[in-house]
Amino acid sequence: MRVCEVIESLDPGAVATLLVKRLSRAPRDDVRYTVVCLRAGGQAGRLRGAGIRVVDLSRPPGPLRHLCLAAAVWRSAPDVVNVHSPGPAVLVRLLARLPGRRPRLVRTVHSAAYRPVTRLLDRITRRFDDRT
């Protein structure tokens with residue numbers, strides 16, 4: 001099974017720390033993890049050290065970064081996508097609706113403190129999630 005975790009940042013903080021701890025302890029006998037992040041931050045090295053592929057999208061500017069996010073998720077050919085932020089979740093949900101492979105979508109909610117437009121888009125597209 002291939003699992004793609006999408007997170008905004010791997011900078012030290014609660015969300016990144018929880019993800020790193022979970023993936024470092026997760027069984028990898030028949031599961032291959034890829035972490036796609038908009039900023040790799042300080043925790044990326046711990047994941048790579050544990051044998052987990054990290055795709056760092058901190059280089060592409062602005063809107064190009066989101067296209068690269070979609071491409072990275074698509075290339076990882078996941079069976080499951082777990083998104084940890086509503087901004088990328090909107091894009092990943094729409095991507096998963098394209099014809100062809102259809103990964104299961106999981107949205108892990110870590111906070112409700114987002115800009116109104118982000119919350120609105122999240123609310124409109126969350127019906128595409130398989131689990132929240």
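The following exercises, with worked solutions, concern the strands and helices of a predicted model.

**Exercise 1. Determine the strand order of the open sheet and identify its edge strands.**

Solution.
Step 1. The sheet is open and holds five strands, arranged as E3-E2-E1-E4-E5 with parallel pairing.
Step 2. An edge strand pairs on one side only, and this applies to strand E3 (53-56) and strand E5 (104-107).
Step 3. From one strand to the next, the twist averages 20 degrees.

**Exercise 2. Describe the pairing of E1 with E4 and of E2 with E3, and give a residue pair for each.**

Solution.
Step 1. Strand E1 (residues 2-9) runs parallel to strand E4 (residues 80-83), and four bridges join them.
Step 2. In this pairing, Val3 stands opposite Val80 of E4.
Step 3. E2 and E3 are likewise joined in the parallel sense, over four bridges.
Step 4. Here Val36 faces Val55, which belongs to E3.
Step 5. The connection between these two strands includes helix H2 (residues 44-49): E2, H2 and E3 make a right-handed β-α-β unit.

**Exercise 3. State which strands helix H3 and helix H4 lie across, and at what angles they run.**

Solution.
Step 1. Helix H3 (residues 62-75) lies across E1, strand E2 (32-39), E3 and E4.
Step 2. The direction of H3 is at about 180 degrees to E2.
Step 3. Helix H4 (residues 86-96) lies across E1, E2, E4 and E5, and runs at about 165 degrees to E5.

**Exercise 4. Establish how many residues of H4 are buried, and name them.**

Solution.
Step 1. Of the eleven residues in H4, eight are buried, and the helix is mostly covered.
Step 2. The buried residues are Pro86, Pro88, Ala89, Val90, Val92, Arg93, Leu95 and Ala96.

**Exercise 5. Locate Val81, decide whether Val81 is buried or exposed, and list its contacts beyond four places in sequence.**

Solution.
Step 1. Val81 is part of strand E4.
Step 2. The relative accessibility of Val81 is 0%, and the residue therefore counts as buried; the cut-off for this class is under 20%.
Step 3. With neighbours within four places in sequence set aside, Val81 is in contact with Cys4, Val6, Val73, Val92, Pro103, Arg104, Leu105 and Val106.
Step 4. One of these contacts, Val92, is among the buried residues of H4.
Step 5. For Val81 and Arg48, the separation is 33 residues in sequence and 19 Å in space, taken from C-alpha to C-alpha.

Terms used
Residues are numbered from 1 along each chain as its sequence is written. This is a predicted model: local features need pLDDT of at least 70, side-chain atom pairs count only at pLDDT 80 or more; totals for chains, interfaces and linings use all residues. Side-chain values use heavy atoms; hydrogens and water are left out. Two strands pair if DSSP finds at least two bridges between them. Axes are lines fitted to C-alpha atoms, for helices over the stretch in contact, and angles run from 0 to 180 degrees between N-to-C directions. Contact means heavy atoms within 4.5 Å. Buried means under 20% relative accessible area, exposed over 50%, partly exposed in between (1.4 Å probe, protein chains only). A crossover is right-handed if, with the strands pointing away from the viewer, the path from the first strand over the helix to the second runs clockwise.
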